[in-house]
Amino acid sequence: MQEWQNSSGTVLASISAAGNLTVQDLTVNGTYNSVPTETLTVTNPMIYMGDSNPANILDLGFVASHTINSTYSHTGLVKDATDGKWKLFTGVTDEPTTTINFAQATLDTLAVGTIEASSITVGDVSNTEFG
């Protein structure tokens with residue numbers, strides 16, 4: 001095993017005989033970073049994205065790509081900057097950049113056990129009419 005330590009003797013990084021690399025703290029800079037993996041495990045209970053939003057990306061959220069019936073497209077949960085609404089979507093073929101092309105999107109169905117809200121509007125039926 002090869003180890004790198006700071007002046008206090010704290011191990012900062014190590015490479016094992018099996019070729020595994022362990023790094024204590026890692027900062028990666030660049031406009032695009034890819035980590036090809038089949039499983040990503042995060043031990044912290046919070047994932048923080050868009051730290052200070054240095055690229056001024058407008059839409060914020062999670063996007064994944066997949067191929068269905070030979071069509072490459074994107075699905076995700078994103079807060080749309082144009083209307084401030086969270087959207088669960090699929091079917092976007094344009095590659096997401098600073099925004100999602102919601103004109104291509106189909107809004108997905110969300111299955112939940114219970115919904116709590118301070119107000120509700122469904123079609124032309126308002127919160128008052130539901131109450």
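# Exercises around K87

The side chain of K87 makes a polar contact with the side chain of D83, at 3.0 Å. Keep in mind as you work that this is a predicted model. The exercises below start from that contact and then move outwards.

## Exercise 1: K87 and its surroundings

Find out in which strand K87 sits, whether K87 is buried or exposed, and which residues K87 is in contact with beyond its neighbours within four places in sequence.

**Solution.**

Step 1. Locate the residue: K87 belongs to strand β6, which covers residues 85–92.

Step 2. Check the accessibility. The relative accessible area of K87 is 14%. Buried means under 20%, so K87 counts as buried.

Step 3. List the contacts. With neighbours within four places in sequence set aside, K87 is in contact with G76, L77, V78, D80, F102 and L107.

## Exercise 2: Salt bridges

How many salt bridges does a search of the whole structure find? Work out which residues they join, and compare how accessible the partners are.

**Solution.**

Step 1. Count them: the search of the whole structure gives 2 salt bridges.

Step 2. Take the pair K87 and D80. Here the closest N and O atoms are 2.7 Å apart. A salt bridge needs a side-chain nitrogen of Lys or Arg within 4 Å of a carboxyl oxygen of Asp or Glu, so K87 and D80 qualify as a salt bridge.

Step 3. Take the pair D83 and K87. They also form a salt bridge, with closest N and O atoms 3.0 Å apart.

Step 4. Compare the two acidic partners. D80 is buried, at 5% relative accessibility, whereas D83 is partly exposed, at 37%.

Step 5. Put the pairs together. Shared partners in the salt bridges join D80, D83 and K87 into one network.

## Exercise 3: The second largest pocket

Describe the second largest pocket: what is its volume, which residues line it, and which strand gives the most to the lining?

**Solution.**

Step 1. Start with the volume, which is about 220 Å³.

Step 2. Name the lining. The residues are L77, K85, W86, K87, L88, L107, D108, T109 and L110. You have met K87 already, as one of the lining residues.

Step 3. Look for the main contributor. Strand β6 gives the most to this lining, with 4 residues.

Step 4. Sort the lining by chemistry: 5 residues are nonpolar, 1 is polar and 3 are charged.

## Exercise 4: Positive phi between β4 and β5

Go to the loop between β4 (60–68) and β5 (71–80) and look at N69 and S70. What are their phi values, and are these residues buried or exposed?

**Solution.**

Step 1. Recall the usual case. Most residues other than glycine have a negative phi.

Step 2. Read the angles. Phi of N69 is near 50 degrees, a positive value in a residue that is not glycine. S70, also not a glycine, has a positive phi of about 65 degrees.

Step 3. Check the accessibility. N69 has a relative accessible area of 73%, and S70 has 74%. Exposed means over 50%, so N69 is exposed, and S70 is exposed as well.

## Exercise 5: A strand residue and a loop residue

Compare S73 with A81: where does each one lie, and which residues does each one touch when residues up to four places away in sequence are not counted?

**Solution.**

Step 1. Place them. S73 is in strand β5, whereas A81 is in the loop between β5 and β6.

Step 2. Read the accessibility. S73 is buried, at 7%, while A81 is partly exposed, at 45%.

Step 3. List the contacts. S73 touches A64, S65, H66, G91, V92 and T93. A81 touches L58 and D59.

Step 4. Add a distance. From A81 to G131 there are 50 residues in sequence, and their C-alpha atoms are 30 Å apart in space.

## Exercise 6: N6

Find the loop that holds N6, and say which backbone nitrogen the N6 side chain reaches.

**Solution.**

Step 1. Locate N6 in the loop between β1 (2–5) and β2 (11–15). N6 is partly exposed, with 31% relative accessibility.

Step 2. Follow the side chain of N6, which reaches the backbone nitrogen of S8 at 3.0 Å.

Step 3. Look further away. N6 and T41 are 35 residues apart in sequence, and 27 Å separates their C-alpha atoms.

Terms used
Residues are numbered from 1 along each chain as its sequence is written. This is a predicted model: local features need pLDDT of at least 70, side-chain atom pairs count only at pLDDT 80 or more; totals for chains, interfaces and linings use all residues. Side-chain values use heavy atoms; hydrogens and water are left out. On a 1 Å grid over the protein atoms alone, a cavity is a set of points where a 1.4 Å probe fits but cannot get out, and a pocket is an open set with protein on both sides within 12 Å along at least five of seven lines; lining residues have an atom within 4 Å of a point. Grid points are joined across faces, edges and corners, and a volume is the space filled by probe spheres set on the points. Helices (H or I, at least four residues) and strands (E, at least two) are DSSP runs, numbered from the N terminus. Ala, Val, Leu, Ile, Met, Phe, Trp, Tyr, Cys and Pro count as nonpolar, Asp, Glu, Lys and Arg as charged, and the others, Gly among them, as polar. Buried means under 20% relative accessible area, exposed over 50%, partly exposed in between (1.4 Å probe, protein chains only). A polar contact is a pair of N or O atoms within 3.5 Å; within protein, one must be able to donate a hydrogen and the other to accept it, and residues adjacent in sequence count only if both atoms are side-chain atoms. Contact means heavy atoms within 4.5 Å.
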